[in-house]
Amino acid sequence: MKSLRNSVQLIGRLGKDVEVKDFDKSKKASFTMATTDSYKNAKGEKVEDTQWHNIVIWGQLADVAGKYLKKGSEVCVEGKLVHRNYETDKGEKRYITEINVSDLVLMGGKQN
């Protein structure tokens, strides 16, 4: 059985085109992805709840993402949660949570 510790699977749509950066020995692809759940409230009205996720892909899979994914593409990603922090030019400390992807499936389907 594969490890279930820190494992994330999401299906959603890209909120922007993939941004690919080249480094000396690797590539990094990043984009935002929206997942939407819907339910009916107490009045019977349909309510949609959209969550946005920061997605990061490294290596050869970054090439695939850069080549085939565009804003609106539906994709399934699997990976792990990574929490990190950084300092802005103004000295402010910022915190970010990302999904570090190990596998992805292009879902195809209708794009908005």
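In the predicted model, isoleucine 55 is in contact, beyond its neighbours within four places in sequence, with Ala29, Ser30, Phe31, Met33, Val77, Ile99 and Val101. Isoleucine 55 is also one of the residues that touch the most other members of the largest nonpolar core, a set of 17 residues in which Phe31, Ile57, Leu69 and Val77 share that standing. Two or more residues are given to this core by each of the elements E1, E3, E4, H1, E5 and E6. In soluble globular proteins, nonpolar side chains tend to be buried together. Within the sheet, isoleucine 55 stands opposite isoleucine 99 of strand E6, and Ile99 is likewise among the contacts of isoleucine 55 listed above.

Serine 30, another contact of isoleucine 55, is placed in strand E3, which spans residues 27–40. Its relative accessibility is 19%, and serine 30 therefore counts as buried, the limit for that class being under 20%. Apart from neighbours within four places in sequence, serine 30 is in contact with Asp17, Val18 and Glu19 as well as with Ile55.

The pairing of the strands can be described from E3 onwards. Strands E3 and E4 run antiparallel and are joined by 13 bridges, one of the pairings being that of lysine 28 with tryptophan 58 in E4. These two strands form a hairpin with five residues between them, and glycine 44, which lies in the turn, has a positive phi of about 85°. Strand E4, comprising residues 46–58, is in turn joined to E6 by four bridges, and in this case the two strands run parallel. Besides the pairing of isoleucine 55 with isoleucine 99, asparagine 54 has glutamate 98 as its bridge partner in E6. Strand E6 is further joined to E5 by 13 bridges, with the strands running antiparallel, and here histidine 83 has threonine 97 of E6 as its bridge partner. The hairpin of E5 and E6 has five residues between the strands, and within this hairpin glycine 91 takes a positive phi near 85°. In a regular strand the side chains alternate between the two faces of the sheet.

The count of salt bridges in the model comes to seven. In one of them, the side chains of lysine 27 and aspartate 63 meet at 2.9 Å from N to O. Lysine 27 belongs to strand E3 and aspartate 63 to helix H1 (residues 60–68), so the pair ties together parts that are 36 residues apart in sequence. Both ends of this bridge are accessible in part, since lysine 27 is partly exposed with a relative accessible area of 27% and aspartate 63 is partly exposed with a value of 36%. The bridge also belongs to a network of salt bridges in which Asp22, Lys27 and Asp63 are linked.

A further salt bridge joins glutamate 98 to arginine 84, with the closest N and O atoms 2.9 Å apart. This pair links distant parts of the chain, glutamate 98 lying in strand E6 (residues 93–106) and arginine 84 in strand E5 (residues 74–87), 14 residues apart. Glutamate 98 counts as buried at 11% relative accessibility, whereas arginine 84 is partly exposed with a relative accessible area of 35%. Glutamate 98 thus appears both in this salt bridge with arginine 84 and as the bridge partner of asparagine 54 in the pairing of strands.

The salt bridge between lysine 46 and glutamate 48 has its closest N and O atoms 3.8 Å apart. Lysine 46 counts as exposed at 58% relative accessibility, and glutamate 48 is exposed as well, with a relative accessible area of 52%.

On the surface, Ile11, Val105 and Met107 form a nonpolar patch, with about 250 Å² of accessible area together. Isoleucine 11 has its place in strand E1, which covers residues 8–14, and is partly exposed with a relative accessible area of 47%. Because the buried class is limited to under 20%, isoleucine 11 at 47% falls outside that class, while strand E1 nevertheless is among the elements that give two or more residues to the largest nonpolar core.

Terms used
Residues are numbered from 1 along each chain as its sequence is written. This is a predicted model: local features need pLDDT of at least 70, side-chain atom pairs count only at pLDDT 80 or more; totals for chains, interfaces and linings use all residues. Side-chain values use heavy atoms; hydrogens and water are left out. Patches are made of residues with over 30% relative accessible area and no salt bridge: like charges are joined within 9 Å, nonpolar side chains (Val, Leu, Ile, Met, Phe, Trp, Tyr) within 5 Å. Accessible areas come from the Shrake-Rupley method with a 1.4 Å probe; for residues, only the protein chains shown count as cover. A salt bridge is a side-chain nitrogen of Lys or Arg within 4 Å of a carboxyl oxygen of Asp or Glu. Buried means under 20% relative accessible area, exposed over 50%, partly exposed in between (1.4 Å probe, protein chains only). Contact means heavy atoms within 4.5 Å. Two strands pair if DSSP finds at least two bridges between them. A nonpolar core is a set of buried Ala, Val, Leu, Ile, Met, Phe, Trp, Tyr and Cys residues joined through side-chain atoms within 4.5 Å.
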